[in-house]
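Here is a short briefing to read alongside the model. Have the viewer open, and we will go through it topic by topic.

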Amino acid sequence: KNFKRKGLQVRPRSRTLTAVHESILQDVVSPTEIVGKRTRIGVDGSKILKVFLDPKEKDRDNLEAKFSTYSAVYKKLTNK
């Protein structure tokens, strides 16, 4: 498409909603590293985002307790 003629511009990737939500997720789980993501779609159409984390050495033991906190904070910030 010829966007220049109409005066429209293509939105940069860093400003899209998907990129913003991905960066929020990175910030929420910041000491750990995200290894992979899967989107699971239920029969009723609901989407569940599964995130696979690679913990650092010092956080390896208490990471399991933080999962519910990560989930609650991400849902509150993104309404997903």
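Arg60 sits in the loop that links strand E2 (47-54) to H3. This is a predicted model, and in it Arg60 has a relative accessibility of 45%, so it counts as partly exposed. A good partner to view with it is Thr32: the two residues are 28 apart along the chain, and their C-alpha atoms are separated by 9.2 Å.

**Thr32 and its surroundings**

- You will find Thr32 in the loop between H2 and strand E1 (33-41).
- Thr32 counts as buried because its relative accessibility is 5%, under the 20% cut-off.
- Its side chain reaches the backbone oxygen of Val29 at 2.8 Å.
- Beyond the neighbours within four places in sequence, Thr32 is in contact with Leu53, Asp54, Pro55 and Leu63.

**How H2 and H3 pack**

- Helix H2 covers residues 17-28 and helix H3 covers residues 63-78; their axes are 10 Å apart and make an angle of about 150°.
- That angle is over 145 degrees, so H2 and H3 are roughly antiparallel to each other.
- The crossing of these two helices, H2 and H3, is right-handed.

**Who meets whom between the helices**

- On the H2 side, the contact is made by His21, Ile24, Leu25 and Val28.
- On the H3 side, they meet Tyr70, Val73, Tyr74, Leu77 and Thr78.
- By residue class, this contact of H2 with H3 has seven nonpolar residues, two polar ones and no charged ones.

Definitions and conventions
Residues are numbered from 1 along each chain as its sequence is written. This is a predicted model: local features need pLDDT of at least 70, side-chain atom pairs count only at pLDDT 80 or more; totals for chains, interfaces and linings use all residues. Side-chain values use heavy atoms; hydrogens and water are left out. Axes are lines fitted to C-alpha atoms, for helices over the stretch in contact, and angles run from 0 to 180 degrees between N-to-C directions. Helices (H or I, at least four residues) and strands (E, at least two) are DSSP runs, numbered from the N terminus. Angles under 35 degrees count as roughly parallel, over 145 as roughly antiparallel, 65 to 115 as roughly perpendicular and the rest as oblique. A crossing is left-handed if the near helix is turned anticlockwise from the far one by less than a right angle, and right-handed if clockwise. Contact means heavy atoms within 4.5 Å. Ala, Val, Leu, Ile, Met, Phe, Trp, Tyr, Cys and Pro count as nonpolar, Asp, Glu, Lys and Arg as charged, and the others, Gly among them, as polar. Buried means under 20% relative accessible area, exposed over 50%, partly exposed in between (1.4 Å probe, protein chains only). A polar contact is a pair of N or O atoms within 3.5 Å; within protein, one must be able to donate a hydrogen and the other to accept it, and residues adjacent in sequence count only if both atoms are side-chain atoms.
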